[in-house]
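Please look through the structure shown here, one part at a time. The paragraphs below go from empty spaces to cysteines and then to a single histidine.

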Amino acid sequence: MSGELSNNIRSLSIDEKEYDDFVDPWNVVSKADTGVDYDKLIKRFGSSKIDDELLSRFEKVTNKPAHHLLRRGFFFSHRDLQLILNRYETGKPFYLYTGRGPSSLSMHLGHLIPFTLCKWLQDVFNVPLVIQLTDDEKTLWKDLKVEEAYKMALENAKDIIACGFNVNKTFIFSDFTYLGQRSEFYRNVIRIQKCVTFNQVKGIFGFDDSTVIGKIAFPAVQAAPALSTSFPDIFGDKKIPCLIPCAIDQDPYFRMTRDVCPRIGFDKPALLHSKFFPALQGAKTKMSASEANSTIYVNDTPKQLKNKINKYAFSGGQATVEEHREIGGNCDVDISYQYLRFFLDDDDKLEQIRKDYTSGKLLTGELKKILIDTLTPVLVQHQENRAKITDDVLEKFMTPRKLL
Ligand code: TYM
């Protein structure tokens with residue numbers, strides 16, 4: 001067994017003994033109010049930290065200041081990013097690959113994190129992007145019928161397009177549609193399935209003897225888009241490596257993919273991992289589409305947004321105004337401040353807010369108002385963009401074709 005897979009299996013047993021955090025593609029739970037210990041997670045998953053040196057190299061190679069999601073460490077971990085930078089520097093092709101498992105009709109704010117970075121990376125590198133909608137995965141894992149998951153995939157595709165992707169460079173596909181459309185994709189699924197045993201997926205994903213067989217076979221479907229030959233319309237039969245931006249919960253899929261790729265003649269995909277956008281109730285869990293009260297959906301109205309933040313956003317402030325003025329608030333656990341770190345790109349303003357809240361000058365209600373004022377235009381803009389996406393636009397994005 002290769003390094004990455006055996007490392008993962010070993011790490012699961014360490015997890016049970018030593019770690020309080022649990023992270024896999026379906027669950028994220030931490031015991032600490034500050035959320036997952038990401039340094040430990042890097043060690044456990046065997047990925048690499050994105051340090052200042054790598055960020056400087058990124059800025060030098062792309063000749064652009066790093067996006068605030070990189071600069072502020074939300075994208076904190078990677079695998080082989082330096083190889084992608086080498087390729088970019090020497091003019092060699094690569095592509096971006098990301099995805100969404102459609103489990104709700106609307107996406108939530110946390111989903112905007114990988115898609116926002118993807119859009120930025122697409123602009124910076126000017127490379128093709130493939131986006132997989134795993135309606136098959138969500139049918140298997142959730143209480144959803146095939147038709148419902150497919151419908152959600154199409155609705156989510158509109159949310160994704162609303163993030164501003166370039167139609168000439170982006171292919172979005174639903175597994176239910178595309179697997180039947182291009183035999184090359186299915187052939188790659190089988191090549192991957194031939195390399196992975198039940199024992200290995202048990203170790204990586206925690207499957208057991210009562211797991212339905214669709215789940216056991218599914219990881220190969222999420223791995224296949226990392227093989228460029230799965231997209232003959234875009235890449236012909238050329239073997240081109242990819243970079244996968246995602247939150248770190250998806251890493252188990254790609255540890256498996258990286259293990260298999262060299263064995264079937266492909267480069268390992270590179271990865272960029274983000275931290276989790278926390279649930280409204282606090283950083284112990286991630287924001288999740290299936291937990292309505294912990295989640296801000298991108299189609300929430302300004303009123304719903306305001307109510308959810310005022311009612312649910314966990315506060316790091318003190319119980320009374322007097323105490324708060326005296327002791328100050330704790331930004332490390334305060335959800336409004338944490339959300340601002342994702343969505344307020346003005347570093348100076350953010351720092352002033354941090355100082356004022358920590359000193360007690362800024363009260364929780366005032367901080368929540370700043371967050372509401374920051375997020376409202378983000379949601380309104382997203383909803384305006386989405387309203388412009390006609391069925392024709394959707395079809396264009398979802399048609400297999402050559403990308404410029
Ligand atoms: P899904 O639908 O759970 O999530 C879609 C993307 O959003 C990330 N994500 C989050 N990021 C930050 N904070 C959160 N609270 C949060 N919740 C979700 C996920 O990591 C993911 O990047 N199986 C996948 C679909 C998929 C995919 C891929 C994802 C297929 N191929 C390639 C990434 C890359 C899924 O169910 O994602």
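There is 1 cavity of 30 Å³ or more in this structure, which is a predicted model. Rolling a probe the size of a water molecule over the atoms shows where empty space is left. The volume of the largest cavity is about 40 Å³. Its lining is made up of A226, K239, I240, P241, F266 and D267. Sorted by character, the residues of this lining are 4 nonpolar and 2 charged, with no polar ones. The charged residues are K239 and D267, because Lys and Asp count as charged.

The next topic is the largest pocket, which holds about 900 Å³ of space. How many residues line the largest pocket, and which are the closest to its centre? The lining has 44 residues, and P25, H111, D249, Q250 and K286 are the closest to the centre of the pocket. Several elements of the chain give two or more residues to this lining. The helices among them are α6 (112-125) and α7 (135-141). The strands are β2 (28-29), β5 (95-100), β8 (242-247) and β11 (282-286). By character, the lining of the largest pocket divides into 19 nonpolar, 17 polar and 8 charged residues.

Now the cysteines. A disulfide is a covalent bond between the sulfur atoms of two cysteines. How many disulfides does the structure hold? The number is 0. C118 is an example of a cysteine that is in no disulfide: the nearest cysteine sulfur belongs to C246 and is 9.0 Å away. A disulfide needs the two sulfur atoms within 2.5 Å, so this pair does not count as one. For C246, in turn, the nearest cysteine sulfur is that of C118, and C246 is in no disulfide either. Is C118 buried or exposed? With a relative accessible area of 0%, C118 is buried. C246 is buried too, with a relative accessible area of 6%.

The last stop is H382, which has its place in helix α20 (residues 364-387). H382 counts as buried because its relative accessibility is 6%, and the cut-off for buried is under 20%. Which residues does H382 touch, leaving out those up to four places away in sequence? They are L112, D159, A162, C163 and V298. With one of these, D159, the side chain of H382 also makes a polar contact of 3.0 Å. The histidine is thus placed in a helix, buried, and joined to D159 by its side chain.

Terms used: Residues are numbered from 1 along each chain as its sequence is written. This is a predicted model: local features need pLDDT of at least 70, side-chain atom pairs count only at pLDDT 80 or more; totals for chains, interfaces and linings use all residues. Side-chain values use heavy atoms; hydrogens and water are left out. Helices (H or I, at least four residues) and strands (E, at least two) are DSSP runs, numbered from the N terminus. Buried means under 20% relative accessible area, exposed over 50%, partly exposed in between (1.4 Å probe, protein chains only). A polar contact is a pair of N or O atoms within 3.5 Å; within protein, one must be able to donate a hydrogen and the other to accept it, and residues adjacent in sequence count only if both atoms are side-chain atoms. Contact means heavy atoms within 4.5 Å. On a 1 Å grid over the protein atoms alone, a cavity is a set of points where a 1.4 Å probe fits but cannot get out, and a pocket is an open set with protein on both sides within 12 Å along at least five of seven lines; lining residues have an atom within 4 Å of a point. Grid points are joined across faces, edges and corners, and a volume is the space filled by probe spheres set on the points.
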